[in-house]
Amino acid sequence: MTEQDAKNHLYDLWQNGEIPNNFTEDHSDFYKAVNYTKKNNQFDYEEFYASIAIIKFGIWQVESDALVAKDGHDYIIECGRFWETRDYNGHLVWDWLIHLAQKAWIDKENVKDLNTAFFFCQDYFRENKPKNLAYVSTAQTLNIQKQILEIRDEMEKTEKVSENGIVEIDSERMLKYRDLMNNIKYL
């Protein structure tokens, strides 16, 4: 099967609803799927993902070059980016774990899988770790992450949604959110 034949086959599966509607050329795994289809002369979505996964933690799948959130999110952290940090009020923390805690699809249940997958990747892709990386507090990172999730939960309790499904934002709620975020406690 040629590359174009593989692309056409994937397009037909997509058009018939046999693979997810976001599985287009913009999808992070599209070209891996093209190569898989060329090699196997067919495409099986479940077999394909089983073949490229090193290990899975919930929706998080470790692949040879990245950590990828599946289940409709298609969020990718490339293998060289697990050591990105940020200064959080004077504390050096793991940036990805704070950044992702602010995403609506990360919650108290699946954050555990995220954390496990993230630290697995730091070990698995350790050859990419910068030699001069300063001390980063994992304890402080997880402490801040937990509080961000609690703040989100607190804010969702008072969330107002219009008849059209639009979240209504008012200045009082924005000020409350700011105050809660500014009052995060550190270890």
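Buried, in these notes, means under 20% relative accessible area, and exposed means over 50%. Good to have that straight before I start. Also worth jotting down: this is a predicted model.

**Helix α3**

I went to helix α3, residues 45-52, and looked for what is tucked away. Phe 48, Tyr 49 and Ile 52 are buried there. Looking down the axis of α3, I found these buried residues within an arc of 90°, so they line one face of the helix. Next I checked what they pack against, and the answer was α2 and β2 (60-62). Then I turned to the face of α3 pointing away from the buried side, and found the exposed residues Glu 46 and Ala 50 on it.

**Helix α1**

How far apart should the ends of helix α1 be? I tried the sum on its 13 residues, 3-15: at 1.5 Å a residue the expected span is 18 Å, and the end C-alpha atoms are indeed 18 Å apart, so the two agree.

Which residues of α1 are buried? I noted Ala 6, Lys 7, Leu 10 and Leu 13. They cover an arc of only 125° around the axis, which puts them on the same side of α1. Part of their cover comes from α2 (30-40).

I also picked out Asn 8, which sits in helix α1. Its relative accessibility is 37%, so Asn 8 counts as partly exposed. From Asn 8 I jumped to Val 34: the two are 26 residues apart in sequence, and their C-alpha atoms are 9.4 Å apart in space. Last stop here was Gly 17, just after α1, which takes a positive phi of about 75°.

**Ser 137**

Where is Ser 137? I found it in the loop between α5 (111-124) and α6 (138-157). Buried or exposed, I wondered about Ser 137? With 13% relative accessibility, under the 20% cut-off, Ser 137 counts as buried. Leaving out residues up to four places away in sequence, I saw that Ser 137 touches Leu 92 and Val 93.

**A patch on the surface**

Finally I looked at the outside. Val 161, Val 167, Ile 169 and Met 174 make a nonpolar surface patch of about 370 Å². I followed up one of them, Val 167, and found it in strand β8, residues 167-168. Val 167 has 35% relative accessibility, which lies between the two cut-offs, so it counts as partly exposed.

Technical notes
Residues are numbered from 1 along each chain as its sequence is written. This is a predicted model: local features need pLDDT of at least 70, side-chain atom pairs count only at pLDDT 80 or more; totals for chains, interfaces and linings use all residues. Side-chain values use heavy atoms; hydrogens and water are left out. Helices (H or I, at least four residues) and strands (E, at least two) are DSSP runs, numbered from the N terminus. The expected span of a helix is 1.5 Å times one less than its number of residues. Buried means under 20% relative accessible area, exposed over 50%, partly exposed in between (1.4 Å probe, protein chains only). The arc is that of the directions from the helix axis to the C-beta atoms. Contact means heavy atoms within 4.5 Å. Patches are made of residues with over 30% relative accessible area and no salt bridge: like charges are joined within 9 Å, nonpolar side chains (Val, Leu, Ile, Met, Phe, Trp, Tyr) within 5 Å. Accessible areas come from the Shrake-Rupley method with a 1.4 Å probe; for residues, only the protein chains shown count as cover. A salt bridge is a side-chain nitrogen of Lys or Arg within 4 Å of a carboxyl oxygen of Asp or Glu.
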